[in-house]
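Here is a short tour of one protein model, written for reading beside the structure. Take a moment to turn the view around before going on.

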Amino acid sequence: MTVRRIMPDFQVESEEAMTASRDFYGLLGFREAMDMGWIVTLTSPANPTAQISFFTEERTAPVVPDLSVEVEDVDAVYAQVVASGAEVVRELRDEEWGVRRFFVRDPNGQVVNVLTHKP
């Protein structure tokens with residue numbers, strides 16, 4: 001099983017808070033990689049796997065995840081998670097922006113977005 005990146009996800013209260021977060025993390029060297037209106041992802045230009053995302057909401061799932069983990073084979077990870085009996089918060093599916101993902105709750109109650117970028 002290969003983990004490609006791990007990214008913290010933060011829910012913010014408003015677009016103004018998202019802008020303030022973008023500006024603040026820009027001071028630390030992050031640059032905008034994606035802006036879909038309800039989610040903004042910032043990345044390090046020097047290390048593109050160093051990322052952070054801010055959500056005003058989660059438009060395709062019941063909750064905003066606490067953490068995103070990109071894996072090499074999301075289908076294999078999903079099968080292992082289901083077999084383990086862990087709580088799947090959102091079933092595996094393809095998203096219009098090019099990822100295949102599911103949400104699972106970890107033993108501490110945190111929601112993890114597990115994903116693979118589609119070719």
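## Strands and a loop

Helices and strands here are DSSP runs, numbered from the N terminus. With that in hand, we can place Q110, which sits in the loop between β7 and β8. This is a predicted model, so please read the positions below in that light.

Is Q110 buried or exposed? Neither label fits: Q110 is partly exposed, because its relative accessible area is 37%, and the partly exposed class falls between under 20% for buried and over 50% for exposed. From Q110 to E95 there are 15 residues along the chain, and their C-alpha atoms are 22 Å apart.

## The largest pocket

Let's look at the open space next. The largest pocket holds about 290 Å³. Its lining is made of 19 residues, and those closest to the centre are R5, M34, T41, W97 and H117.

Which strands each give at least two residues to this lining? They are β1 (3-11), β2 (31-35), β3 (39-43), β4 (51-55), β7 (99-105) and β8 (111-117). Sorted by class, the lining of the largest pocket counts ten nonpolar, six polar and three charged residues.

## A nonpolar patch outside

On the surface you can find a nonpolar patch formed by F24, L27 and L28. Together these residues have about 360 Å² of accessible area.

L28 belongs to the loop between α1 (15-27) and β2. With a relative accessible area of 55%, L28 counts as exposed, because that class begins over 50%.

Terms used:
Residues numbered from 1 in each chain as written. Predicted model: local features only at pLDDT ≥ 70, side-chain atom pairs only at ≥ 80, totals over all residues. Heavy atoms only, no water. 1 Å grid on protein atoms, 1.4 Å probe; cavity = no way out; pocket = protein on both sides within 12 Å on 5 of 7 lines; lining within 4 Å. Points joined across faces, edges and corners; volume = space filled by probe spheres on them. Helix = DSSP H or I, 4+ residues; strand = E, 2+ residues; numbered from the N terminus. Nonpolar A, V, L, I, M, F, W, Y, C, P; charged D, E, K, R; others polar. Patch = residues over 30% accessible without salt bridge, like charges linked within 9 Å, V, L, I, M, F, W, Y side chains within 5 Å. Areas by Shrake-Rupley, 256 points an atom, 1.4 Å probe, with all protein chains shown as cover. Salt bridge = Lys/Arg side-chain N within 4 Å of Asp/Glu carboxyl O. Buried < 20%, exposed > 50% of the residue type's maximum accessible area, 1.4 Å probe, protein only.
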